[in-house]
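Hi,

Here is the structure I said I would pass on. Have a look at it first, and then read my notes below.

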Amino acid sequence: MPVHSRGDKKETNHHDEMEVDYAENEGSSSEDEDTESSSVSEDGDSSEMDDEDCERRRMECLDEMSNLEKQFTDLKDQLYKERLSQVDAKLQEVIAGKAPEYLEPLATLQENMQIRTKVAGIYRELCLESVKNKYECEIQASRQHCELYLQ
């Protein structure tokens, strides 16, 4: 047994306590940690096992990702088809004149159109009356002018 100074022994004991604490905190180790601890004792096989485990884990993750992407694509397509059918149903309601979100604004627009049509009709009548009045004024002015020259 090598001889240690008092300071070296404390460091060694402290290091051993840290390893024990680490092991106690971890509880049962996972498969990867078992592989790492066993691979430390084996010289050449450690990197092969790690590479094989990494490759196996990588393939599992890629498979899972592929499955998730397929599920996402399927759900996205399903959602698209549902939305498209909803839009088609709404379009059919609008074409049939039964859609409430179409009928309410349409009623408002038709009411506004009727009001504007009435106002335009009244304005037209006033404009025609004004033109008739101007015509009659011109006729009267020309008669008065003729009477002045004939007298």
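The accessible surface of the protein chain adds up to about 14,100 Å², and carbon and sulfur atoms own 56% of that. Areas like this one come from the Shrake-Rupley method with a 1.4 Å probe, and for residues only the protein chains shown count as cover. Before you go further: this is a predicted model, where local features need pLDDT of at least 70, side-chain atom pairs count only at pLDDT 80 or more, and totals for chains, interfaces and linings use all residues. Residues are numbered from 1 along each chain as its sequence is written, and side-chain values use heavy atoms, with hydrogens and water left out.

How much of the chain is buried? Of its 151 residues, 3% count as buried. Here buried means under 20% relative accessible area, exposed means over 50%, and partly exposed is what lies in between (1.4 Å probe, protein chains only).

As for the fold, the protein chain has four helices and zero strands, so you will read α-α-α-α along the sequence. Both kinds of element are DSSP runs numbered from the N terminus: helices are H or I with at least four residues, strands are E with at least two.

Now the charged pairs. Side chains of opposite charge can pair when their charged atoms come close. I call it a salt bridge when a side-chain nitrogen of Lys or Arg is within 4 Å of a carboxyl oxygen of Asp or Glu. By that rule the count is six salt bridges.

Helix α3, which spans residues 45-96, is a good place to start. Arg56 pairs with Glu60 there, with the closest N and O atoms 2.9 Å apart. These two are separated by about one helical turn, because they sit four residues apart in helix α3. Arg56 has a relative accessible area of 34%, so it is partly exposed, and Glu60 is partly exposed too, at 39%.

The salt bridge between Asp74 and Lys70 has its closest N and O atoms 3.1 Å apart. Again both residues are in helix α3, four residues apart, or about one turn of the helix. Which of the labels fits each partner? Asp74 counts as partly exposed at 37% relative accessibility, while Lys70 is exposed at 53%.

Further along, Arg124 forms a salt bridge with Glu125, and their closest N and O atoms are 3.7 Å apart. Arg124 is exposed, with a relative accessible area of 52%, whereas Glu125 is partly exposed at 47%. There is also a network: Lys90, Glu93 and Glu101 are joined by salt bridges that share partners.

Next, the surface patches. Patches are made of residues with over 30% relative accessible area and no salt bridge; like charges are joined within 9 Å, and nonpolar side chains (Val, Leu, Ile, Met, Phe, Trp, Tyr) within 5 Å. Met59, Leu62 and Met65 make a nonpolar one of about 240 Å². Met65 lies in helix α3 and is partly exposed, at 42% relative accessibility.

A patch of negative charge gathers Glu48, Asp50, Asp51 and Glu52 on the surface. For the signs, Lys and Arg count as positive and Asp and Glu as negative, with His and the chain ends not counted. Each charge is placed at NZ of Lys, CZ of Arg, CG of Asp or CD of Glu. Glu52 is in helix α3 and counts as partly exposed, at 48% relative accessibility.

One last residue: Leu103, in helix α4 (residues 100-150). It is partly exposed, with a relative accessible area of 35%. Leaving aside neighbours within four places in sequence, Leu103 is in contact (heavy atoms within 4.5 Å) with Gly97 and Lys98.

Cheers
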